[in-house]
Amino acid sequence: MTSEVTKPWEYGGEFHWPFVTEVVAGPTLPAETVVFGSGRDAIRALIATGMRARGWRRWFVPTYFCEEVTACIALTGLEVVRYEDSPLLPAPPPLSKKPRLGDAFLLVNYFGLRGAGAADALDYAPADLIEDHTHDPWSRWAWGSHAHYCIASLRKTLPIPGAGAVWSPQCLTLPDPVPPTRMRRDAMLMKLGAMMIKALYLEGHAVSKESYRALQLSGEEGIASGDIAGLDPVMTRMLAGFPWESWRCQRRANHAVLARALREAPGIEVLPPSADEGSCPFAVVTMFADTALRDSLRTDLIATGVYPSILWPIVAKDCPEFAGGARLAKRTLALACDSRYNRSEERRVGKE
């Protein structure tokens, strides 16, 4: 007689491997895209090309942005110029510092909430425009962009261990493809192993969280360090056949269900997506009246198996332009809404 297996329920956190059975043949990324081992690899490779071919000396980077990626940009030798922007705005406000020739301007599609109007409203000339489409690489804006370059970290929206992409809507010089390094290949395999073990854990098999968390952390450290690397051939094949369109449609549907449920909760504001019909939010991003309320709810959610993210923690600096982003970072939580989940699970999270 066999006992019934109890499956643990979790929501959010790192991807597990979903054992995809649907395979697609259509293009995953725009033509001539160059793929690297990670988003940071893609950025570093693009900057090296831009410094050589475009004469870049400065990058304009928004004040509300991942500080680790900003530090990665600064390590390339470029001067980082910060400008005010946040997901509360449809587009950046008028710039306090005027871009000049030899500059590049990084514009972010925050959480997939923006449309192409964010770029249309921006006066970045004579700088080159770089668009970060990490949170929705398949939006109309991304595929119909007029920017000089576009970048995306693909592992944020797809359950793959890594991959960062660079393409040029204006057909400018792209970074040369490079082979994967041993360090990056090992890191990818650790991340992939962690994803598979987590899948077994969620199916109720006799494995512990610690058995995959250590692999996750070691793999993450390896992906974020070392020389610029290409994507391992195994990961390239995984990416090429992944059903991103169905995953994206499910994410949009899940977002609608969870956002609707949370709008009825007192003290919580859900950041709305652009009116652009081609947009698809990356997550349900919620904003609270203060940090104490946000942290209290986060603690309660984790206790129920719901793991929200803080995107991104911003270290307050002695500069007025950082104040708004730092305040916002202390009041927001992002709840996953991807294809790991169905509508009933979204409603469950909304009730938690």
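Let's start with what packs over helix H5: the cover on its buried residues includes strand S1 (11–12), helix H1 (39–53), helix H6 (209–223) and helix H7 (233–240). Before I go on, please keep in mind that this is a predicted model.

So, H5 itself. This helix runs over residues 182–202, 21 residues in all. From its first C-alpha to its last it reaches 30 Å, close to the 30 Å expected at 1.5 Å a residue. Which of its residues are buried? They are Arg184, Ala187, Met188, Lys191, Leu192, Ala194, Met195, Lys198, Ala199, Tyr201 and Leu202. Notice that arginine and lysine are on that list, with Arg184, Lys191 and Lys198 among the buried residues. After the helix comes glycine 204, with a positive phi near 90°.

Now stay around H5, and let me show you a pocket. The second largest pocket holds about 300 Å³ of space. Two elements, S1 and H5, each give two or more residues to its lining. H5 gives the most, with 4 residues. In total 18 residues line this pocket, and those nearest its centre are His16, Ala199, Leu202, Glu203 and Arg340. Two names there should sound familiar, as Ala199 and Leu202 are also on the buried list for H5. What is the chemical make-up of the lining, in nonpolar, polar and charged residues? There are 9 nonpolar, 3 polar and 6 charged residues.

Next, some backbone geometry. As background, most residues other than glycine have a negative phi, and most peptide bonds are trans. Here are some exceptions.

Where are the cis bonds I want you to see? One joins alanine 125 and proline 126, with omega at about 5°. Proline 126 sits in the loop between helix H3 (117–120) and strand S6 (128–132). Another cis bond runs from leucine 311 to tryptophan 312, with omega near -10°. You'll find tryptophan 312 in the loop between strand S11 (306–307) and helix H10 (320–329).

On to positive phi. Glutamate 32 is not a glycine, yet its phi is positive, about 70°. Its loop connects S1 and strand S2 (34–36). Phenylalanine 111 is not a glycine either, and has a positive phi of about 55°. That residue lies in the loop between strand S5 (103–108) and H3. Are these two buried or exposed? Glutamate 32 counts as exposed because its relative accessibility is 65%, over the 50% mark. Phenylalanine 111 counts as buried because its value is 1%, under the 20% cut-off.

Let me return to leucine 311, since it turns up again as a contact of threonine 332. Threonine 332 is in strand S12 (residues 332–336), and it counts as buried because its relative accessibility is 2%. Its side chain reaches the backbone oxygen of leucine 328 at 3.3 Å. Setting aside neighbours within four places in sequence, threonine 332 is in contact with Tyr64, Thr286, Met287, Arg294, Ile310 and Leu311.

Last stop: glycine 102, in the loop between strand S4 (79–83) and S5. This glycine counts as buried because its relative accessibility is 8%. What does glycine 102 touch, not counting residues up to four places away in sequence? The answer is a run of neighbours: Gly55, Trp56, Arg57 and Arg58. For a sense of scale, the C-alpha atoms of glycine 102 and alanine 261 are separated by 47 Å, with their positions 159 residues apart along the chain.

Thanks, everyone!

Note on methods: Residues numbered from 1 in each chain as written. Predicted model: local features only at pLDDT ≥ 70, side-chain atom pairs only at ≥ 80, totals over all residues. Heavy atoms only, no water. Expected span 1.5 Å × (residues − 1). Buried < 20%, exposed > 50% of the residue type's maximum accessible area, 1.4 Å probe, protein only. Contact = heavy atoms within 4.5 Å. 1 Å grid on protein atoms, 1.4 Å probe; cavity = no way out; pocket = protein on both sides within 12 Å on 5 of 7 lines; lining within 4 Å. Points joined across faces, edges and corners; volume = space filled by probe spheres on them. Nonpolar A, V, L, I, M, F, W, Y, C, P; charged D, E, K, R; others polar. Polar contact = N/O pair within 3.5 Å; in protein donor to acceptor, adjacent residues only side chain to side chain.
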